[in-house]
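Let's take a walk through a protein together. Have a look at the sequence and the 3D picture first, and then we'll go through them step by step.

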Amino acid sequence: MTDRYFENFMLDFVEEKAKVAGIEEEEEKEEDSLLKLLSTPYPTLSEKLKRAALDLKETVLPSSHYVDVSFLSGRAGVCALGAVVAKHQGNEQMVDYYLNQFKKIKVGEDVPDEIIRGRVGYLWAYLFLNKNLGDGAIPSTHSILGVPHGLAGILYVLMNFELTPDVLVDVKETLKYMINNRFSSGNYPRDEDKRNDELVYWCHGAPGVALTLVKAAKVFKDKEFLEAAEDAAEVVWKRGLLKKVGICHGISGNAYVFLSLYRMTGNVEFLPKANAFACFLLDRAQKLISECQMHGGDTPYSLFEGIGGMAYLFLDMTDPANARFPAHEL
Ligand SMILES: [Zn+2]
């Protein structure tokens with residue numbers, strides 16, 4: 001199923017190389033641009049990623065007229081992201097602008113509860129803003145929590161609550177059941193019936209489960225969960241350089257598996273992998289999309305499926321210790 005992803009030819013570690021003054025232009029040009037990015041010293045690369053995120057914002061904003069309430073694939077996410085980017089720039093006027101745009105979003109009665117296109121997605125945007133701009137940035141809202149679909153997602157949410165000992169046992173056993181039923185490749189089936197080992201997506205497959213396992217390792221302090229998370233990350237490294245850019249089922253989302261493991265373990269060996277996925281996007285995503293070798297997303301400017309997600313990852317890469325998968329990792 002290699003038509004779903006690019007063969008990952010990148011090394012899992014590339015030494016940083018400072019630009020040597022006086023190097024011949026010609027010599028520089030010959031070097032592969034991706035390789036050059038991968039060896040760029042982190043402060044310079046971080047600046048580049050930040051710049052790219054801000055440029056993407058210019059493309060995303062005029063195009064964000066989708067389903068209003070959705071953080072993940074619509075305007076709520078774009079406004080929330082705009083406000084946080086403006087905060088990073090120190091531009092209070094733009095922070096107010098995006099917050100006002102956000103407040104104008106109406107969550108109608110007919111909006112479904114689900115996370116991707118529904119009111120839970122709106123609630124996440126609200127949490128995201130208050131977390132990044134300070135509590136009270138957006139006044140409290142009457143939000144109704146729906147149920148995230150998928151076992152891994154449900155377990156993740158459960159583990160954020162204080163659970164009674166019997167529920168803790170159930171959660172732990174269910175996690176072990178998931179691990180025992182993974183494919184021999186290390187990837188995870190999308191459900192009991194669909195056991196084709198094809199998808200390495202946050203929404204279906206190893207990446208989403210990896211984030212849940214990282215959380216489980218934290219909650220239960222159980223090595224088995226951490227090892228399973230690392231196994232899942234290995235699948236993501238091998239088969240996760242997807243032909244899609246977004247967060248939900250694209251390269252941007254998959255990069256968060258390495259960032260999550262880095263945060264959990266403090267092991268810096270995970271960082272170059274996240275970096276490699278981000279550099280791959282920065283270097284060639286736009287070109288591959290224009291050549292139709294990569295899918296720009298059904299909602300091409302959105303946070304979850306489109307280049308909005310890529311901008312989000314780029315910004316997070318400037319501060320990887322605090323990076324969190326949007327609308328999922330708290
Ligand atoms: Zn998806």
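How do α7 and α8 run relative to each other, roughly parallel or roughly antiparallel? Keep in mind as you look that this is a predicted model. Start with the two helices themselves: α7 covers residues 151–158, and α8 covers residues 165–180. They pack at an angle of about 150°, and their axes are 11 Å apart. Angles over 145 degrees count as roughly antiparallel, so α7 and α8 are roughly antiparallel to each other. Their crossing is left-handed.

Now see who does the touching. From α7 come Leu 151, Leu 155 and Leu 158. On the α8 side, they meet Val 171, Thr 174, Leu 175 and Met 178. Sort the residues of this contact by character and you get six nonpolar, one polar and no charged.

Next, try another pair: α4, which spans residues 75–89, and α5, which spans residues 92–103. Here the packing angle is about 165°, with the axes 8 Å apart. That angle makes α4 roughly antiparallel to α5. The crossing of α4 and α5 is left-handed too.

The guest list for this contact goes like this. α4 brings Ala 76, Cys 79, Ala 80, Gly 82, Ala 83, Ala 86 and Lys 87. Waiting for them in α5 are Met 94, Val 95, Tyr 98, Leu 99, Gln 101 and Phe 102. Ten of the residues in the contact between α4 and α5 are nonpolar, two are polar and one is charged.

Remember Ala 80 from α4? It turns up again in the largest nonpolar core, a set of 95 residues. Within that core, Ala 80, Ala 210, Ala 278 and Phe 314 touch the most other members. Let's follow Phe 314 for a moment. If you leave aside its neighbours within four places in sequence, Phe 314 is in contact with Leu 49, Lys 50, Ala 52, Ala 53, Ala 278 and Leu 282. So you meet Ala 278 twice: as a partner of Phe 314, and as one of the core residues that touch the most other members.

Finally, zoom out to the whole protein. Its secondary structure comes to 13 helices and zero strands, and reading along the sequence you find α after α. Of its 330 residues, 43% are buried. And what about contacts between residues with a separation of 6 or more? Residues 24 or more positions apart account for 66% of those.

Terms used:
Residues numbered from 1 in each chain as written. Predicted model: local features only at pLDDT ≥ 70, side-chain atom pairs only at ≥ 80, totals over all residues. Core = buried A, V, L, I, M, F, W, Y, C linked by C-beta atoms within 7 Å. Buried ≥ 20, exposed ≤ 12 C-beta atoms within 10 Å, placed from the backbone. Contact = placed C-beta atoms within 7 Å. Axes fitted to C-alpha atoms, helices over the stretch in contact; angles between N-to-C directions. Helix = DSSP H or I, 4+ residues; strand = E, 2+ residues; numbered from the N terminus. Parallel < 35°, antiparallel > 145°, perpendicular 65-115°, else oblique. Left-handed = near helix turned anticlockwise from the far one by under 90°. Nonpolar A, V, L, I, M, F, W, Y, C, P; charged D, E, K, R; others polar.
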